[in-house]
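Below is a short report on the fold of one protein chain. The sequence and the model come before the text.

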Amino acid sequence: MSIIVNGLPSTLPQDPRVSLLDFLREYQHLPGTKKGCNQGACGACTVLVDGERILSCLALAVQYDGRQVTTIEGLGDDQGLHPLQQAFIDHDGFQCGYCTPGQICSAIGMAAEARRGVPSHVSADLTGAATLTREEVQERMSGNLCRCGAHNGIVDAIRETFTEDTGASE
Ligand code: FES
Ligand code: FES
């Protein structure tokens with residue numbers, strides 16, 4: 001059984017009890033994905049699987065045979081940072097940085113959901129449209145906690161990065 005991690009094929013562990021989070025951190029030596037609560041409550045462990053955001057602490061690695069996983073280490077390229085990584089720097093979207101990899105992976109998945117028209121509580125109640133107002137971003141990112149209180153900068157960075165393709169407005 002194999003899995004693609006940041007574009008590279010890797011062998012899945014024999015032990016079916018290994019979480020995707022532990023597989024990435026302990027077997028793949030990719031410590032960018034963080035273990036916060038380890039029970040699905042904080043979002044620090046968020047990664048992308050085939051472009052969709054998931055909580056890797058709640059997933060077993062063997063479930064993802066043949067799938068493409070992207071972690072914070074897989075964003076950006078030889079030319080530089082992913083635009084959202086740069087925006088987090090520009091907008092002071094972090095302090096200690098522990099939640100940041102999960103925030104960034106989650107936001108990329110969130111923007112894709114918004115583009116596909118996946119409703120949130122906010123958009124369903126207000127307009128039915130997936131526009132990234134501040135309220136919309138706060139709602140869609142509510143599963144990613146930041147104990148440092150960097151939420152305003154996080155929202156600013158996300159809105160700046162994804163404004164054009166999702167029709168963000170005040
Ligand atoms: Fe996975 Fe907190 S470590 S949600
Ligand atoms: Fe410290 Fe978010 S920057 S927890």
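D92 counts as partly exposed because 13 C-beta neighbours lie inside 10 Å; a residue is buried if 20 or more other C-beta atoms lie within 10 Å of its own, exposed if 12 or fewer, and partly exposed in between, with C-beta atoms placed from the backbone. This is a predicted model, in which local features need pLDDT of at least 70 and side-chain atom pairs count only at pLDDT 80 or more, while totals for chains, interfaces and linings use all residues. Residues are numbered from 1 along each chain as its sequence is written, and chains are lettered from A and ligands numbered from 1 in the order in which they are written.

D92 is not a glycine, yet has a positive phi. The residue sits in the loop between α2 (83-90) and α3. N38 is likewise a non-glycine residue with positive phi, and belongs to the loop between α1 (20-27) and β3. N38 counts as partly exposed, because 15 C-beta neighbours lie inside 10 Å. The table sets out the two residues.

| Residue | Phi | Loop | C-beta neighbours inside 10 Å |
|---|---|---|---|
| N38 | about 60° | between α1 and β3 | 15 |
| D92 | about 50° | between α2 and α3 | 13 |

The secondary structure of the protein consists of six helices and five strands. Helices (H or I, at least four residues) and strands (E, at least two) are DSSP runs, numbered from the N terminus. Read from the N terminus, the order of elements is β-β-α-β-β-β-α-α-α-α-α.

The five strands make one open sheet with mixed pairing, in the order β2-β1-β5-β3-β4; two strands pair if DSSP finds at least two bridges between them. β2 (8-11) and β4 are the edge strands, each pairing on one side only. On average, neighbouring strands of this sheet are turned by 40° against each other, direction ignored. Axes here are lines fitted to C-alpha atoms, for helices over the stretch in contact, and angles run from 0 to 180 degrees between N-to-C directions.

Which strand holds the bridge partner of V49? The partner is V69, in β5. β5 (residues 68-70) pairs with β3 in the antiparallel sense, over two bridges. Helix α3 (residues 100-115) lies across β3 and β4, and runs at about 40° to β3.

The protein is divided into domain 1 (2-74) and domain 2 (83-166), with bounds from an automatic or database domain assignment. The domain centres, taken over C-alpha atoms, are separated by 21 Å. Domain 1 and domain 2 each give 14 residues to the contact, where two residues are in contact if their C-beta atoms, placed from the backbone, lie within 7 Å. On the side of domain 1 that touches domain 2, the elements giving two or more residues are β3 (46-49) and β4 (52-55). β3 supplies the largest share of that side, three residues.

For the protein as a whole, the C-alpha atoms fill a box of roughly 50 × 30 × 30 Å, taken along the principal axes. The radius of gyration is 16 Å, which agrees with the value near 15 Å for a compact globule with 170 residues; the radius is taken over C-alpha atoms, and the globule rule is 2.2 Å times the number of residues to the power 0.38. Of the 170 residues, 41% count as buried. Among contacts with a separation of 6 or more, 61% are between residues 24 or more positions apart.
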